[in-house]
Amino acid sequence: MRLGIFGGTFNPIHFGHLRAAEEVREKLNLHKVIFMPSGNPPLKTLDLIEASHRYTMTRLATASNVDFVVSDIEVRQTKKSYTVNTIQMLYDIYPDDELFFILGIDAFLDISNWWQPDVLISLIDFILVTRPGYGVEDILKSPYINRQSCHCEEQSDEAISSNEIFQLKSGKKAFVLEITPIGISSTEIRRLLKEDKSIKYLVPEIVEDYIYKYKLYPNGIS
Ligand code: ATP
Ligand code: MG
């Protein structure tokens, strides 16, 4: 099977995540997309609500799609979870399957700040998706892209098209997909909630109800 791993804080999950996962699944013929909500970092990060709530909202949001599954590997860990360890665990769970790590280009440009980024890029092939503010050409800003592999030296940045396969310096591949731009972010949703504004049509209704039921992002508190 071809499996896509979609990590994130999902704080909360929104339609930008769901549509990205669906387009990636369809365009790259994945059998499943495994959503992987992150655990709780040891130091309380501003605004990051408990992992169990983020996990439950991700379960609720994906329940109606048989090709979406949610993993609790990271949320059930008490110590800090690192993506490199999670991927190694997934290879143990799915030894005969092909794994891909799905990331928005914004997140890909940040991986030099993650734990052992050189190990991470040598472990798995990536699927990188555009999002408003981050186009296909932005991946050339990453130090992990092998520029020769995409003939970037001869081409202008504009000539780089979507749905292209790039080589990472580790030898692994990065499939770059231009997807429907959906300008939704969890940051914006948290901001709206704090200001007591509507989040309708940004998240599935079941997620919206859950947020209000447990008063997850109370207004006035940051
Ligand atoms: P925050 O604003 O808290 O960072 P977020 O909306 O960026 O939240 P994350 O949980 O940080 O959501 O993102 C998980 C993954 O989903 C990342 O790889 C991110 O790039 C991607 N992603 C998030 N929102 C979108 C979107 N609207 N379109 C495409 N990809 C997205
Ligand atoms: Mg983010």
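Is D47 buried or exposed, judged by the other C-beta atoms within 10 Å? In this predicted model, D47 has 15 other C-beta atoms within that distance and is therefore partly exposed, since a residue counts as buried at 20 or more and as exposed at 12 or fewer. D47 lies in the loop that runs between β2 (32-37) and α2 (51-62). Its backbone deserves attention as well: D47 is not a glycine, yet its phi is positive, at about 80 degrees. Most residues other than glycine have a negative phi, and most peptide bonds are trans.

A second residue invites the same inspection. Q116, likewise not a glycine, has a positive phi near 45 degrees. This residue belongs to the loop between α4 (105-108) and α5 (117-123). Q116 counts as partly exposed because it has 14 C-beta neighbours inside 10 Å.

The peptide bonds offer a further feature. N11 and P12 are joined by a cis peptide bond, with omega at about 0 degrees. P12 is located in the loop between β1 (2-8) and α1 (15-27).

The reader may now turn to the ligand. Ligand 1 is surrounded by 18 residues, of which the closest are G8, G16, G104, S186 and T187. Several elements contribute to this shell: α1, β4 (98-104), α4 and α6 (186-194) each provide at least two residues. The largest share, three residues, is supplied by α1. Sorted by class, the shell around ligand 1 consists of nine polar, seven nonpolar and two charged residues.

Key: Residues are numbered from 1 along each chain as its sequence is written. Chains are lettered from A and ligands numbered from 1 in the order in which they are written. This is a predicted model: local features need pLDDT of at least 70, side-chain atom pairs count only at pLDDT 80 or more; totals for chains, interfaces and linings use all residues. Helices (H or I, at least four residues) and strands (E, at least two) are DSSP runs, numbered from the N terminus. A residue is near a molecule or strand if its C-beta atom, placed from the backbone, lies within 6 Å of it. Ala, Val, Leu, Ile, Met, Phe, Trp, Tyr, Cys and Pro count as nonpolar, Asp, Glu, Lys and Arg as charged, and the others, Gly among them, as polar.
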